[in-house]
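Biologist: Could you take me through this model before I start using it?

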Amino acid sequence: MRLVRDVLDKELFDREEEPMGRVDGLIMHVGKSSQPRITHIAIGGSTLWDRVHPFFGRLSRRMSRWWGPKRDDAVRIPWSRVITVGRDIKLDVEAKKTGAIDWELWIAHHIIERIPGSGDKEAGDGN
Amino acid sequence: MKKILQISLGIVTSVGGFLEIGSVTTAMQAGASFGYQLLWTLLLGTICLIFLVEMSGRLAAVSKHTIVEATRERFGFPFFFIVLVGMALVSFLVLVAELGGIGLSLQILTGIGFPWWAIPVSFAVWLMMWKGTFGLIENGASMLGLVTISFVVAALRLHPDWSSTAHGLLPTFPIDKKANYWFMAVSIIGASISPYLMYFYSSGAIEDDWDETYIPINRVIAGLGMSFGGFLSMAVLIVAALVFHPRGIDVQKFEQASLLMTTALPKWGFTLFALSMLFACFGAALEISLAIAYFFAQGFGWNWSEDLTPSKDARFCLTYTLIIVLGAIPLLLGIDPIKVTVISMALTAVALPLAIVPFLFLMNDPIYLGKHRNGWLSNTVVAIVILISFVVAIIAIPLEIIGG
Amino acid sequence: MRPKRPLVIAIVLLVACKPPTPAQQMDSIQSWLATAEMVGQAWLRHTTPDKYSRQTLELSRETLAQISSDLLASLPPATDSAKLDAVLLRSRVRLDQMARLIESKNSPDFRRQLDSLAADKKIVEQISDGMPKQ
């Protein structure tokens, strides 16, 4: 498995097949005597924006302090929770409890659900 | 039987996606200024688009990835971010143009100026996304777009000289107004190959659960649908060449464009033009807003589907809501949508390599497509058209601006 | 691909600021006179609605006024600018009257004005043909 090609930027799903973002960063443990190894997957936060440019990272940290669900650190999922790595990556966690979809829930709760008709779209006809 | 239905719906959809304010305006201006001379650029743009749309569907059917997902995964977030910024800007300009096209159609029908329509029109487009399902948008909006067939009827009623139209299908070099000629040529390429169409199409293939059995259907839809769309644009150019060119009318305003079919179809021409533009721009506005929202949602791994209720994919819905609100602002300020159209089509041509070059790499990647990788023909055709139009755009746009 | 935003701004500014040449302005004048003529013919044949026809005639008049004030300042010396000024002023008045005649649905008078507008358009064409080409 190649980390950058097969893991980084892949989509993540929890055990209920709920999407929970993408692999925005990987956290590595470099021990004095042991081999370097991946310990965590990082989701969201300034991790992602730091990859573009530290400027965007700083901007993201500042923005999240000012607005939103007040989470500026990336969510870390231990590597041991990874079930499969394929087209997507499946994790043995529950998306809601990890904090990875805090933004989704925050926007749904604070904005979308306040607009009339947000919860009763005609069911898709399955095509 | 089901497959035949799917194919015909797909073709209708692609027509709806092809014909919008950009392709109609550029084709009309080309016909008005240069007669049949620029027909070849429509042919070239359409051929290139057929290849690109076929590729978008094939990528989705084989890899179960949309173009956007595959771009981020294959090239990483920093590169993806550049593509995102470029495509979002260009598509946003096109969205403003489409919303303006709806407003202008209503203006000529009712006499009430387009800035007044900015809010009702944006609200209607938003409501359609908020309450409607993907199937409704894909099939309903584009079914209405079939009224654009009136352009072909108008062209036939004017009895064009077929040998000189055929002549226009071969590239020629202009004698005078050279800068304007090449500017028009790249604008037509930009209007034909709209990247949002590819993003919308590949997301649609995922929404409709395509798999490898859809490869032949995809080929038929892309081929017939886009040819049909290109054919309609050619009809617009031909009518403009017969109506505006001899009178020396240079189409700068929508009010002038509205006269397109009044000689060919005296009784219904005016209304048919207004309705054609109304429906075509409405369908395109929906497709572009969704394409931009898909782009963000897929790139960041948010929940996305036009079939979910809004509270289930909040960030996706917030994105298209914000985009529609922002898109209404330039129109409220009274900025002429035709000017926005002309600028956005030329900019699309400049931005095309940003969208298409990484896409071509994906289409040749065995990890994504296995044995369904691109052949040499599609690679060559697309690469050549995109690179040439990029170079011509870089040269022609400054020349057009200084009025050379 | 970084300099995209400056490029957009530059293009918007330049399109807005570019000064057209006298020859291009003459082309626009003829284009708008032809537009007005076409709308007039269409209205007489009942192919375009009253409101649209009136608004488009008004738009033609406004655009002509705008172009001609720019143009008359920058005409090449060989042109008969007094004649051009007179004919353009006359057509603008005519367009204004035509817009009113639509309101009162007076087709016979409208037709007469339209014929005179066509004659004025011919004069503008002649002046334009006599201008030095660039």
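Modeller: What follows concerns chain B first and then its contact with another chain, and this is a predicted model.

Biologist: OK, how sure is the predictor about chain B, and where is confidence lowest?
Modeller: The mean pLDDT of chain B is 91, with 97% of its residues at 70 or more. Within chain B, helix α1 (residues 2-18) has the lowest confidence, at a mean of 70, whereas helix α13 (residues 254-257) has the highest, at 97. As a general caution, predicted coordinates should not be read in detail where pLDDT is low.

Biologist: How many helices and strands are there in chain B?
Modeller: Chain B has 18 helices and zero strands.

Biologist: And why would you say its radius of gyration agrees with a compact globule?
Modeller: Because a compact globule of 404 residues would have a radius of gyration near 22 Å, and chain B has 20 Å, the two agree. The C-alpha trace of chain B spans about 55 × 50 × 45 Å along its principal axes, and 61% of the 404 residues count as buried. Of the contacts in chain B with a separation of 6 or more, 86% join residues 24 or more positions apart.

Biologist: Switching topic, how many residues does each of chains B and C put into their contact?
Modeller: Chain C contributes 27 residues and chain B contributes 25 residues. On the side of chain C that touches chain B, α1 (4-17), α2 (22-44) and α3 (50-73) of chain C each supply at least two residues, and α2(C) gives the most, with nine residues.

Biologist: What classes of residue make up that side of chain C?
Modeller: By class, the side of chain C that touches chain B has 13 nonpolar, nine polar and five charged residues.

Terms used
Residues numbered from 1 in each chain as written. Chains lettered and ligands numbered in written order. Predicted model: local features only at pLDDT ≥ 70, side-chain atom pairs only at ≥ 80, totals over all residues. Contact = placed C-beta atoms within 7 Å. Helix = DSSP H or I, 4+ residues; strand = E, 2+ residues; numbered from the N terminus. Nonpolar A, V, L, I, M, F, W, Y, C, P; charged D, E, K, R; others polar. pLDDT = per-residue confidence, 0-100. Rg over C-alpha atoms; globule rule 2.2 N^0.38 Å. Buried ≥ 20, exposed ≤ 12 C-beta atoms within 10 Å, placed from the backbone.
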